[in-house]
Amino acid sequence: RYKFGITRNPARAEARYGPDVVARIRDFLASVRELDVVGPPEELQLLAEVDGVDAGEAVLFSAIMRFDHYLLATGDKNSLRAVASIPACQSIALRLCGHVICIEQIVMRVIQHFGFAYVKDKIVPARSCDTALRAAFGSGDAATESNVLATLDGYINELRFLAIDLLV
């Protein structure tokens, strides 16, 4: 809701992403609930002091402590880099290890399931919402499957080569 500005400035969101995309985002938001679990305060404080980890990711990283089974989907690679590379965050990184799926992995799986043309038609109009999607689908309708997959794979491999591989 905050990333796309749906509640804050709906007219601007529609102008930027188009009414169809905004309608799908609204439908998705109506089908989920906000996280009502909070992690340990000392962990939240530690994460708040880490450059590259924003408040929302800090809450998510800390809140997973309360779950036995989880999968954390995120597009925030800066926060993953920060948590994986800072020694003070090692216990958090180890807890996340193997439980994170990044946006690039999700897009690749959706391409495998629905096909490239379907995914390209959905992402191209809204590619500006994410740096990696903008890079992968930057040429718009001229984007090719091989270039998109290579770009997405590059982002995934960059995360896999962190000090601690957090990805599923």
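D76 sits in the loop that runs between strand 1 (72–74) and helix 5 (77–85). This is a predicted model, and D76 is a good place to start looking around in it. From there we visit a nonpolar surface patch that includes F67, and then V124, in the loop between helix 8 (116–123) and helix 9 (131–136).

**Around D76**
- D76 is buried, yet it has no salt bridge.
- The nearest side chain of opposite charge belongs to R81, and it is 6.6 Å away from D76.
- A polar atom of the D76 side chain lies 3.3 Å from the backbone nitrogen of N78.
- If you set aside residues up to four places away in sequence, D76 touches G52, D54 and E57.

**F67 and the surface patch**
- You will find F67 in the loop between helix 4 (55–63) and strand 1.
- F67 counts as partly exposed because its relative accessibility is 33%, a value between the 20% and 50% limits.
- Together with L35 and V59, F67 forms a nonpolar patch on the surface.
- The accessible area of L35, V59 and F67 together is about 220 Å².

**Around V124**
- V124 has a relative accessibility of 11%, so it counts as buried; the limit for that label is under 20%.
- Leaving out neighbours within four places in sequence, V124 is in contact with F137, G140 and D141.
- V124 and A150 are 26 residues apart along the chain, and their C-alpha atoms are separated by 17 Å.

Methods. Residues numbered from 1 in each chain as written. Predicted model: local features only at pLDDT ≥ 70, side-chain atom pairs only at ≥ 80, totals over all residues. Heavy atoms only, no water. Helix = DSSP H or I, 4+ residues; strand = E, 2+ residues; numbered from the N terminus. Buried < 20%, exposed > 50% of the residue type's maximum accessible area, 1.4 Å probe, protein only. Lys, Arg positive; Asp, Glu negative; His and termini not counted. Salt bridge = Lys/Arg side-chain N within 4 Å of Asp/Glu carboxyl O. Polar contact = N/O pair within 3.5 Å; in protein donor to acceptor, adjacent residues only side chain to side chain. Contact = heavy atoms within 4.5 Å. Patch = residues over 30% accessible without salt bridge, like charges linked within 9 Å, V, L, I, M, F, W, Y side chains within 5 Å. Areas by Shrake-Rupley, 256 points an atom, 1.4 Å probe, with all protein chains shown as cover.
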